[in-house]
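Here is a short report for a first look at this structure. Keep the sequence and the 3D view open while reading.

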Amino acid sequence: MTECPECAGTLQRKDMVEGEIFTCPECGTELEVTSLDPFEAAKAPKEEEDWGE
Amino acid sequence: MNSLTLGLFYTVIRPEEKWILQAAEARGLAVERLHDGEMTFPLVKNGFKADIVLNRSVSHSRSLYALRFFEHYGVPTVNAYDTVALAGDKVLTSMALQAAGIPTPRVVVALTPEAALKALEEIGYPAVLKPPVGSWGRLLAKVDDREEAEQIIEHKDALASPQHSIFYVQEYVQKPERDLRAFVVGDEVVAAMYRHSEDWRTNAARGATTEPASPNGRMGELALKAAKAVGGGVLAVDLMESPDGLVVHEVNPTPEFRALTGATGVDVAGKILDYVAEAARR
């Protein structure tokens, strides 16, 4: 368990991998798993101009 | 036989990359994660073991340099540098499609704001103005008349990036409220779907709803031809139903496929991994 860097809401690790993108269930901020053990998350990288599917 | 190491070159782990990691594990492939924000590239290869690299970076410029380096190191990549260079740039893609005789919307390119107005007049209103690179339907503009054209061009000109001073002008195709996406892996259209949207941009990333489509027939044939026209590999081909028949308007070299997997139930990640493993053994 860790805290959302945006809203300090509680984040559960669930079945995640490092680098995974997920949404904070409390504030909806897009987050990235930066470490599994200990579980840590940071705001996901911001979309850049040349990004795209 | 499965002593292969797959290099996954990525920016973030989205559902697609997670499925790719799972598909690799299911096939007994070792995975070396290559993060595009952390990796460095000396002129002589050192420090990584991958036998083949699957590019999942979402950045076009990072992809281009990295793929060129992997090739320089003698490591094959999916997709190849040439394919990504072509398909990642709408200007180059349109030229490749036209040269291959594939029906595609009319396009006029202009290199300055002044010429952009002329390009829009040549195409006729309404027209669509797109940045040559980038997607998810961002920074696209439907231009209905000259007044709007002048405003949009002025705004684009104010954005400092060189990408915004290249103007890709495409005819606005009168299509039903849907378009088609066909996912090509090697010589096969592995899945296809319709994307419905009341917005003229039918990107799944913009909330379009999806339903499965047949990967065969004229659509499948055009998708395979379009994929081949940009060099082949793992590519998502976007088509529209114009009044004159199907046209191919885009080919995506690093496609997302979560909506497609959801709509069709096809294990797209598995198909990609089988193709990559096969390519590594060639």
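## Around A223(B)

This is a predicted model. Setting aside neighbours within four places in sequence, A223(B) is in contact with A182(B), V184(B), V189(B) and V237(B).

## The largest nonpolar core

A223(B) also belongs to the largest nonpolar core, which has 64 residues. Within this core, A223(B) is one of the residues that touch the most other members. The others are A182(B), F183(B), V184(B), A226(B) and V237(B). Helix α7 of chain B, residues 217-229, gives the most to this core. Its share is 7 residues.

Two domains of chain B are represented here, each with at least three residues. They are domain 1 (5-86 + 273-281) and domain 3 (174-266). In soluble globular proteins, nonpolar side chains tend to be buried together.

## Another core

A core of 16 residues lies apart from the largest one. Among its members are A119(B), L120(B), L129(B) and A149(B).

## A sheet in chain A

Chain A holds an open sheet of 3 strands. The order is β3-β4-β5, and the pairing is antiparallel. Why does one side of β3 and of β5 in chain A lack a neighbour in the sheet? Strands β3 (21-23) and β5 (39-43) of chain A stand at the edges, each with a single partner strand, so one side of each is left free of a neighbour in the sheet. From one strand to the next, the twist averages 45°.

Look next at β3(A) and β4(A). Strand β4 of chain A covers residues 30-36, and 3 bridges join it to β3(A). The two run antiparallel. In this pair, I21(A) stands opposite E32(A) of β4(A).

Key:
Residues are numbered from 1 along each chain as its sequence is written. Chains are lettered from A and ligands numbered from 1 in the order in which they are written. This is a predicted model: local features need pLDDT of at least 70, side-chain atom pairs count only at pLDDT 80 or more; totals for chains, interfaces and linings use all residues. Two strands pair if DSSP finds at least two bridges between them. Helices (H or I, at least four residues) and strands (E, at least two) are DSSP runs, numbered from the N terminus. Axes are lines fitted to C-alpha atoms, for helices over the stretch in contact, and angles run from 0 to 180 degrees between N-to-C directions. A nonpolar core is a set of buried Ala, Val, Leu, Ile, Met, Phe, Trp, Tyr and Cys residues joined through C-beta atoms within 7 Å. A residue is buried if 20 or more other C-beta atoms lie within 10 Å of its own, exposed if 12 or fewer, and partly exposed in between; C-beta atoms are placed from the backbone. Domain bounds come from an automatic or database domain assignment. Two residues are in contact if their C-beta atoms, placed from the backbone, lie within 7 Å.
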